[in-house]
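Me: I have a structure open and would like to go through parts of it. Can you help me read it?

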Amino acid sequence: MNSSAALHPPATPASFEWVGRLAEASTPREVADLIVHLAEAADGFRTANVFWDLTLGGEPGHEGEPITQWSEGDLELAHLAALRGLRVTSSDGCRVAIPLSESSLSRADPAILVVGMESASAIQRFLDSTTPFLHVAGSHLHRTLEATQLKIALAGLQRSELLQRSLFAISDLAGSDCEMPELLRGIHAIIGTLMYAENFIIVLHDARRDTIRFLYYADVEDTAPPDENLEIPMRSLQDSLTWHLLREGKPLMGNTEQLQAQVSGPLVIIGPHSRDLIGVPMLRDGRVRGAIVVQSYHEVVGYSADDQMLLQFVASHVLIALIRRQGKEDLEQRVRLRTIELADANQALQQEIVERQRAERLQAALYNIAQLATTEISEADFYPRVHAEVGDLINAENFFIALLSEDGQTLEFPYAVDESGETFRARRVGNGLSEYVLRCGGAIFRTEDMLALADQGEIDLGTAGALAACWLGVPLLIGDTAIGLVAVQSYRATVAYGPTDQSLLSFVASQIANTLHRRRAAESLQQAYAKLEQRVQERTRELREEIGERERIQQQLKHEVMHDALTGLPNRGYLLDRLTRALARLKREPEWRAALLYLDVDRFKVINDGLGHLAGDEVLKEVARRLLTCVREPDIVARLSGDEFAILLEDVTAPAIAVKVAQRVLVALGAPLQVAGKVLEPSASIGIALVDKRYGLADAALKDADVALYRAKQLGRKRFELFDEALQTNAVNVLAMEGELSMALQRDQFEPYFQPIVRLGTGEVVGYEALIRWNHPTRGVLCPADFLRIAEDNGSIEAIDWRMFELSCGLATRLEHDRAFLTINVSPLHLRRADFDVRLQELLRRTGLPCERLIIEVTEGPLLDNSERVCGVLERLRAVGVGAALDDFGTGYSSLSYLHRFPLKMLKIDRSFVAELGTGVQNASSKVVAAVLTLAHALGIEVIAEGIETHEQHCALVAMGCEFGQGYLFGRPAPIQSDGN
């Protein structure tokens, strides 16, 4: 072979193939493999290795095919070639280190090929035949190394960016107003974006009490998580992983064997064994304040040292977030405590003020009573004023004055006030307590004193009325003659009278007696004047009656034009006139304000349809009367139409005044009302518009008040709402949602969620309740409260319900509990359809669900609305096997009567009663639940308790004999998967 051929080896098919494979290689290992294969093809080959990253101080990268164990001599030769940037041959000439490209001469960490041959001549032949190929391969290796480094750098930047976003998110959570459980769930979710954290625990350490508290605990294998509010002594966790983390203050990582090697002392494993685990302490000022633990139960999911460093870094920020939140809560607690201290101090000051005022009242009362004796006032005014003054001195809630007749045979009671409801009528003088005081003088009697006197025959308790706990009476004396007595009494053991009270009452009695004596002396003269006055008044009355009749006719005509005939209230025309005048005044006085309250009676149509229009008219008249008691002049109450009323409040200095009137109206209307033999509790919804200079027309104010009224009815009725711009926007949003509901039905976006119903004694699932959910394309999963009311208002509820009935019954056939029943909620609109039962049976045949497995849930509203029709529908459904359940039992008008009148298979006790069970206190809810269970069992009706969320509620219901229940304790509503699970 000549020299030219040595420098430029001939191209062969094998060389072309090798170059093609080199062009396809994309990683440093693939390029290194090809370089080694090139060396293996040479005569006299012994070893070959490719080295790079020689200047990093660690173990260099090396490749070979086959991968051979490189020697220290190869590594030294590679280092020397990298340092000089030149080819270096070993002392025996059988090994050579070759920089793989000319560009390597200027690189800080070149790639080096170290080749070992049988002889120096074999080395030379190899260099002559492969140098061009090695240059090409070296350049390609350089590019793949740079690409790999760029990928590593990019991954690091992405991880740094993710870490930075996570820390910002943790900081934002700590500064938010969310509750602590929500904050911890947010932190868990954030850390889950950085590493595998399905099993995540945060524990806090109280060094002063040497206790820990599991602030957050999420573990898929541990079925008994610790109570987050329970403080656990550290000694009870001796040698556990948590104990070592908090005691030693250093991170731990690995499986059980590796963890044992990292701790000083024995390691006790509590809970399920994990495949891999990281635990890091949360440090603050060098002290361990808590720890974070993540763990994996999967063989394929493990943790690295990078994960450990990352969790250590994040732990410090989590601790800062928790400390900030705890500091905020501590500050709020200190503010509350300080507020309580100030309230206590203020109460003491108020008590002192009360004592001083009482002393002043005592002095003033004694003076006023003495003055009353000389004041010319009527007897009807005299007695109440004396009573009021006595009430400022002693407890006089029960007070009476008795007088003897002129013949001394009758005891009369010109004034009496008594909380027992006793009627004080004139009676013959007998042997009562009053007569005892007239005979023996003033005395104080307690219950036992009265009983003792009765045993002695001194008094007859038959004339004593309701037996008081304490009774005080003193005689009214003119000289030495008793003309009557004054007495006070108490029916509570906590209120008793003493000698001081008797002295005060004796002083009052002397003043009363003097006044009565003067009045009797002047009585004859007054009678003479009275006769003359009576004749003058009779003539004057006749003249006034003639004038009054003319004025009455004129007022009647005016009243009929501007007032409602049924209630006598001003009508819409009168209201608009007053509202227009109010707007005119606003133009003159821009700072002046008024308020318009627009209200209607809740469920008035049910009253009209159920009890008749005459009963409805009586309700409207009573509503009008009650509304009038809630306003003062010059405010007006008007009836606009039907069950709609309005109240115009003038000179409203602040919105709070209108709010206070609305509250007063709700209270007044809520009082029980008996109509047509039924006791109703009417209520109203109220919209309030504050009338200011924004309004130019009276109709605009009425419209805004009507918008606020609609909002109040949306939020559940029996409430009030103030109009603001948000309500107008909300009205627009309602229109938008109505359009979205139509599209949702067309695109089949509704889905039934199933909540299990269990047998409380065994926990066995016996049925499911189908609950509608809307998979909204932008707002996610919506609950019924977010859209059903709008669907009812725009008339799409029936179409939505029938789609839900079909989906629910179809899915129920794939339940793993093939004998479990299914309950569906039926809107009142369906029960008004005469063919509802026929359509429902056709649907069951179409879906394949047996009739015996379906139960429809109805509320009390439709039962009251059209009881005969509803009863007929339920009877026909029962005949084919479909049962009926009364939902939300106990929240309507007359729940118990439905159990007898309608063919019910089940009733569901409302969650409001269940919520108060299990507290350890015997309350009204427990009594109601027990009574309902007793009645239902007697009638053969099954009972389901709704809203069971705690173990205590579960136990309480089982103890009462409740057989079935549902609630979050047993399962939340969830969709059924395609496999039926």
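Reply: What follows covers strands, aromatic rings and charges over rings. This is a predicted model, in which local features need pLDDT of at least 70, side-chain atom pairs count only at pLDDT 80 or more, and totals for chains, interfaces and linings use all residues. Residues are numbered from 1 along each chain as its sequence is written, and side-chain values use heavy atoms, with hydrogens and water left out.

Me: Is strand S28 mostly covered or uncovered?
Reply: Mostly covered: four of the five residues in S28 (821–825) are buried. Buried means under 20% relative accessible area with a 1.4 Å probe, protein chains only. A strand is a DSSP run of E, at least two residues, numbered from the N terminus.

Me: Which strand pairs with S28 over four bridges?
Reply: Strand S26 (residues 765–776) does, in the parallel sense, and Gly767 has Phe821 of S28 as its bridge partner. S28 also pairs with strand S29 (residues 854–858), again parallel and over four bridges; there Ile824 is matched with Ile856. Strands pair if DSSP finds at least two bridges between them.

Me: New topic. How many aromatic pairs are there?
Reply: The whole structure has 18. Rings of Phe, Tyr and Trp (its six-membered ring) pair if their centres lie within 6.5 Å; planes over 60 degrees apart count as edge-to-face. Trp774 and Phe787 form an edge-to-face pair, 5.4 Å centre to centre with 80° between the planes.

Me: What does that pair tie together?
Reply: Trp774 lies in strand S26 and Phe787 in the loop between strand S27 and helix H20, so the pair ties together parts 13 residues apart in sequence. Trp774 counts as buried because its relative accessibility is 0%.

Technical notes. Buried < 20%, exposed > 50% of the residue type's maximum accessible area, 1.4 Å probe, protein only. Phe/Tyr/Trp six-rings, centres within 6.5 Å; stacked < 30°, edge-to-face > 60°.
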